[in-house]
Amino acid sequence: MFSIFNKKKNSNDLLNVLEHSPKPSSAINTESIIADKNYEENDLNDVPIDDELDLGNLSSGPRQPILKEYPKTKFGSQNRGFTPSHFSEFNWLEYSIKKDSVFCFPCRIFGTARQTEETFTIIGFNNWKKLCGSRDSKTKKSKLSLHASTINHINCMSRWLEYKNSLKQGSIISKLSTANKEHIDKNRQYIKCLIDIVIFLGRQGLPFRGHRENDDALNKGNFKELCMLFSKHHIEFEKKYIFNSTNHTSWAIQNDLINICASYVRDNIVSEVKKCGMFSISCDEARSHKEEQMSICIRYTNNLEVKERFLGFVDVSYSQNADALYSSIIDFLHFCNLSDIPIVGQSFDGANVMSGQKGGVQTKLKQIYPYAIYIHCMAHKLNLVIVDTCKYLKDLRKLFNGLEAIYVHFSYPSKNKKFNEIQNQLGLKKTSLVQLSETRWACRFKSCSSVIQNYGVLIQSLKEEIDAQKNKDVAEAIGIISTIKSDEFVIYLFILKEVLQIIHILSNHLQSKSATLGNSKSLITGVITTLQEHRDSEQHYTTLWNEMLEFSTKYEISLEIPLKSVPKKRLRKEPSQLKDFVCLSTTSASDDHTADIVETKKNYWQKKAYYCILDTMINVLKTRFSEESLQVASSVDNLLKLNFEGSSFLIDHYKDLFGICNQSLMSEMSVLRNILGENSSLEEIKQHLTLYDGKVFPNFCKMFQVAVTLPVSTATCERSFSTMRRIKTWLRTCMNQDRFSNLSIMNIEKDIPINNEDILNIFEKTERRIQLH
């Protein structure tokens, strides 16, 4: 019995808690009910009776109108009506003006048909005598209190309270949904941080992994060390990286992210190429740690701006014959989805396996891409000009041997340290000596300039080394100082520096990505003309000779004419019987007098060195860059000068590929020439074509794209080999080929932005052990 009473007591306690709980403003605040404001001011007859506004709903809460006077009903001898004071005692109570009855809001809204009391849910209670005045004889409670104590009402009140709490805090489903969304957002932010680390290391060309990456390792590699650095400043990242058993930093995840980033960059390039509708290709090979790597680059236009892009490295160690290289190029173009786009030009070095007209790579490519004109890399051809000049002139070979000996001698740390100290003592700018190399095109000019600039430092360093007599290299120092103080060395050094300074201008231009065949041809012609003018100009040689005299005087070098060596043989003398006679005819006798023609030092070295070097250089330039080899370049140059007749070779070659109408093209070029003038620049043509969006001059716009797309050199491939040596060091020789190629394109094409959100969207498409969507 006592337990039963205790149970009822607990129920009443719950009821009291529910009844006296604060009313949420959004549900039961009477001031928020529009009708209630009117009820306070009007009589019953003035209140509009509407079914939708008569009782409350979930959004409004219980309808509790406050009227000046409620309807009266006669019970016995008394008129009784509803009293609004019940609202404050029973917050679940609501009043229907239409039925003049009260209802239970939670039972009506949250109750079930079988369990609810119809009096307070459907019919309505209006026995005002029993509402609170007359008590039940057993329970001593009013009708409202009795209803409030029922189990069904208590359950409905609980549901109502839970509903109101869900409005404030959200339902369980919404809570789970919100928590899941927050969990996904945190996971995505964590992976984005990993993507940013991959992008940073890839673009900087830094290694990812360490020798050991366990917990006891002092250096876990750049990738994990950067993750630890992020953890110190990012709490959520720390929770995922340190406290989770799976932190997604394994080598497999690294490779996935690297591959996605590289593919993102490559796809960006391919989309630009497809938009252009044409491209040219250039390839070159280089050795990398017992492997032969082939660099593949392409050239195209994007909004008429020339772009040269690196696509990747291909391992061709298995074979380097024409068939193997050709197959590797074709397979790589298929891999990049570029095989369906026409190739208009191809550029390789002069090796027979690449440039061969019968079985070379360029010939095999023309079988698939017949319009791909082969252009021998002009930068390689220019380098061969210098090589050939040195081959023909023995004195130049002596000069370069001396320059190489100087570099080797001062490459020792102790000698280089002494060299730098003397530079500081003399107040010279710190510059280093340059090593000669046949593949570094600008090294010869830089080496000559460096030796002239540091000539005094070299002399003083060698003299101090000879005076010290500390090691066996003294003999080498004596030989070097004897070489560089000779008049022949100084004269050839100045003349070659003067010539190479002009060649260096052309070399820098040919290595530029924006160079075109047209302006390259013009510059080549300008260089040859400049050398010819210097050769014919006596004033220019006089200026150079005065510089050499000033230099030789400063360093006490005598510029002399070398003595001619005369072979020793018996001298023929006049017969003694002719001693007193005057000879009217020549005899076989010889005299030991000097030559009648006395040659000055200036004239001697002009003929011996100046003319010799310039004549050889000019002839080799004309041979390497002959009119036949520059036929395409001349045609491109004429096209960019809006000369239709001069560009006929280029137009006839590509008109069938792009559907060019000769008559329309001639008209378009005439109109442009009249607009821009005879000497229009490349930039002016670009501006006008961009202004008209290529629709006014469609034929010329297409030919203009072809002209600037044709390759000039393979300098981009050569630059990629520098990246190859930075990435694939001797500590990273076991790197997978795909990873190596992907890291290379990320490092070389770092100007292409990589969006970490796009990378994450691609990354999440594969099933992962982390929830990302």
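These are my notebook entries on a few places I looked up in this predicted model.

**Entry 1: a helix pair**

I began with helix packing. Two packed helices are described by the angle between their axes and the distance between the axes. My pair was α28, residues 631-640, and α32, residues 698-709. I found that their axes come within 10 Å and cross at roughly 140°. The angle falls short of the cut-off of over 145 for roughly antiparallel, and α28 and α32 are therefore oblique to each other. I also noted the handedness: α28 passes α32 in a left-handed crossing.

Which residues make the contact between α28 and α32? From α28 I listed V636, L639 and L640, and from α32 I listed F700, M703, F704 and A707. Sorting the residues of this contact by type gave me seven nonpolar, no polar and no charged.

**Entry 2: aromatic rings**

Next I turned to the rings. Searching the whole structure, I got 30 aromatic pairs. I wrote up two of them and one cluster.

F313 and F721 came up with ring centres 6.3 Å apart and planes at 25°, so I filed the pair as stacked. This pair links distant parts of the chain, with F313 in strand β7 (residues 305-315) and F721 in helix α33 (residues 715-727). I put the separation in sequence at 408 residues. Are F313 and F721 buried or exposed? Both of them are buried.

My other pair was Y604 with W605. Their ring centres are 5.1 Å apart and their planes stand at 80°, so this pair is edge-to-face. Y604 and W605 are buried too.

I then followed ring pairs from residue to residue and reached a cluster. It joins Y70, F82, F87, Y95 and W128.

**Entry 3: positive phi outside glycine**

I stopped at two residues with this backbone feature. N303 is not a glycine, yet I read a positive phi of about 55° for it. I placed N303 in the loop between β6 (291-302) and β7, the strand that also holds F313. Its relative accessibility is 57%, so N303 counts as exposed.

L642 is the other residue on my list. I noted its phi as near 65°, again a positive value in a residue other than glycine. Where does L642 sit? I found L642 in the loop between α28 and α29 (648-658), and α28 is the helix I had paired with α32 in my opening entry. The relative accessible area of L642 is 1%, so I marked L642 as buried.

**Entry 4: two buried spots and their surroundings**

I looked up G124 in the loop between α7 (118-123) and α8 (128-133). With 9% relative accessibility, G124 counts as buried. The C-alpha atoms of G124 and C104 are separated by 8.6 Å, while the two residues are 20 apart along the chain. Setting aside neighbours within four places in sequence, I listed S101, V102, F103, E118 and T119 as contacts of G124.

I closed with Q362, which lies in helix α17 (residues 361-368). Its relative accessible area is 5%, so Q362 is buried. From its C-alpha atom to that of S347, 15 residues away along the chain, I noted 8.4 Å. What does Q362 contact beyond its neighbours within four places in sequence? I wrote down Q346, F348, M354, S355, G356, Q357 and Y374.

Notes
Residues numbered from 1 in each chain as written. Predicted model: local features only at pLDDT ≥ 70, side-chain atom pairs only at ≥ 80, totals over all residues. Heavy atoms only, no water. Axes fitted to C-alpha atoms, helices over the stretch in contact; angles between N-to-C directions. Helix = DSSP H or I, 4+ residues; strand = E, 2+ residues; numbered from the N terminus. Parallel < 35°, antiparallel > 145°, perpendicular 65-115°, else oblique. Left-handed = near helix turned anticlockwise from the far one by under 90°. Contact = heavy atoms within 4.5 Å. Nonpolar A, V, L, I, M, F, W, Y, C, P; charged D, E, K, R; others polar. Phe/Tyr/Trp six-rings, centres within 6.5 Å; stacked < 30°, edge-to-face > 60°. Buried < 20%, exposed > 50% of the residue type's maximum accessible area, 1.4 Å probe, protein only.
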